Amino acid sequence: MKLFRNRLYIMLKRTLMQPLYIAMLITLIGMAIIYVNIPAKNKTLYVPAAICNHDTSSDSKRFEEAIYTSSSIYHFYAVDSDEQLKKDVLSGKANIGFIIPEGFFESSAHISSIKKIIEYTTNSSRLPNVGHEIFFSKLFKMISYEIVLEELDTNLVEAAKSSLPDYGMTGEELLAAAKDELSEVYFESDDDSGVYESQFNDDNDYDSMVKKNKTELPIRKFAALFIFVVALLGTSAYLTDKEKNIYLLADRKARFQLRVTHILASILPISTAAYIALVIIKEMHPGTLLLRMLAYMLYVSLFSVILGAVLRKSSYFYRVLPVILVLTLVFSGVFFDMGKYNALMKHLSMVFPPYFF
């Protein structure tokens, strides 16, 4: 045991003298400190939409009440002028904009002479078709209500007199009852017909959908990559020492111990730094992280031992090492996850240890 500790101590000193190793240690801790100091930004799940309403009729006021209080993924808000609406859409403050002309609702009962609503979007607008659907579904609800009311006013009284003489109420009373029933169907129903409507509790508001998020740094993936790289470097150091006949008098068991000691001396400092960095950024519970870190250290050690046993010579190992590192960067998800594209990519990704950390 004493001999093992002495060997480990010597190899740790040898490892920590390498500039590349020091750079990796500093990078991990530095990234964690930078991440902690990055201010969180507010991100809302709502998509803002501007409305400039020039119509001053009572129907227009009713429509505003419906659209501004709707619980959808779009947050509709009012602007005072066409120019302000255009400015909001162009600047990105509003995702989409609608201008309702004066007299629109009065003309809506006559399809042939209805005034047109102007819609503004940009190439960067998110889900403009969704905003279009929500806006015009509520608009159609209001317009269709007015059309039905007009038909009731002109036809229902006469129809009641001619075909329902024993109905028990006058035509005017029947008309009023029909209007009350129609209003309840159109405006008091709990069912909101928008496909993209989201139903919230009454105590939810715009602010409840605002969440804080931070710019993501792939610290955990870098930690996994660094641990894997230094494990391979530990194996390459052992193969180099063996070819220099440093371990010529050691038996097979002692050589295996030396191989493991090389790898352990390489991954222990970087794993400790990675653990500290991930604890700083609160990646996961410290206990869970420790168990996961130990399992990953065991896995990369086993991978390195097997690879060194197969290649056996440092010249072969150094030829294969760049290939392994390039494939690891591509398939292990350090920068992007190739495994999500198809099953073959996923299986190739699982060949490289960083995929599992």
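Guide: Helices (H or I, at least four residues) and strands (E, at least two) are DSSP runs numbered from the N terminus. This is a predicted model, in which local features need pLDDT of at least 70 and side-chain atom pairs pLDDT 80 or more, while totals use all residues. Residues are numbered from 1 along each chain, and side-chain values use heavy atoms, without hydrogens or water.

Visitor: How many helices and strands does the protein have?
Guide: The protein is made of 357 residues, of which 39% are buried (under 20% relative accessible area with a 1.4 Å probe and protein chains only; over 50% is exposed, and partly exposed lies in between). Its regular elements, counted along the chain, are 12 helices and 6 strands.

Visitor: In the open sheet of 4 strands, which strands stand at the edges?
Guide: The order in this open sheet is E3-E2-E4-E5, with mixed pairing (two strands pair if DSSP finds at least two bridges between them). A strand with a single partner has one side left without a neighbour in the sheet, and this is so for E3 (74–78) and E5 (118–120).

Visitor: Which residue in E3 stands opposite Ile51?
Guide: Strand E2 covers residues 47–53, and E2 pairs with E3 in the parallel sense over 5 bridges. Within this pairing of the two strands, the residue of E3 that stands opposite Ile51 is Ala78.

Visitor: How far apart in sequence are the parts tied together by Asp241 and Arg14?
Guide: Asp241 and Arg14 form a salt bridge (a side-chain nitrogen of Lys or Arg within 4 Å of a carboxyl oxygen of Asp or Glu), with the closest N and O atoms 2.6 Å apart. Asp241 lies in helix H8 (residues 219–243) and Arg14 in helix H1 (residues 2–16), so the pair ties together parts of the chain whose separation in sequence is 227 residues.

Visitor: Is Asp241 buried or exposed?
Guide: Its partner Arg14 has a relative accessible area of 37%, so Arg14 is partly exposed. Asp241 has a relative accessibility of 4%, and therefore Asp241 counts as buried.

Visitor: What separates Lys86 and Glu83 in helix H4?
Guide: A search of the whole structure finds 2 salt bridges, and one of them joins Lys86 to Glu83, with the closest N and O atoms 3.8 Å apart. Lys86 is partly exposed at 28% relative accessibility, whereas Glu83 is exposed at 55%. Both residues lie in helix H4 and are 3 residues apart, so what separates them is about one helical turn.

Visitor: Why is the pair of Phe98 and Phe135 stacked?
Guide: The structure holds 9 aromatic pairs (rings of Phe, Tyr and the six-membered ring of Trp with centres within 6.5 Å; planes under 30 degrees apart are stacked, over 60 edge-to-face, the rest tilted). The pair is stacked because the ring centres of Phe98 and Phe135 are 3.9 Å apart and the angle between their planes is 5°.

Visitor: Where do Phe98 and Phe135 lie?
Guide: Phe98 is buried at 0% relative accessible area, and Phe135 also counts as buried, at 0%. They belong to one aromatic cluster formed with Phe63 and Phe76. The pair links distant parts of the chain, 37 residues apart, with Phe98 in strand E4 and Phe135 in helix H6 (residues 128–163).

Visitor: Which helix holds both Phe222 and Phe226?
Guide: Phe222 and Phe226 form a tilted aromatic pair, 6.0 Å centre to centre with 55° between the planes, and both residues are buried. They are 4 residues apart, about one turn of the helix that holds them both, helix H8.
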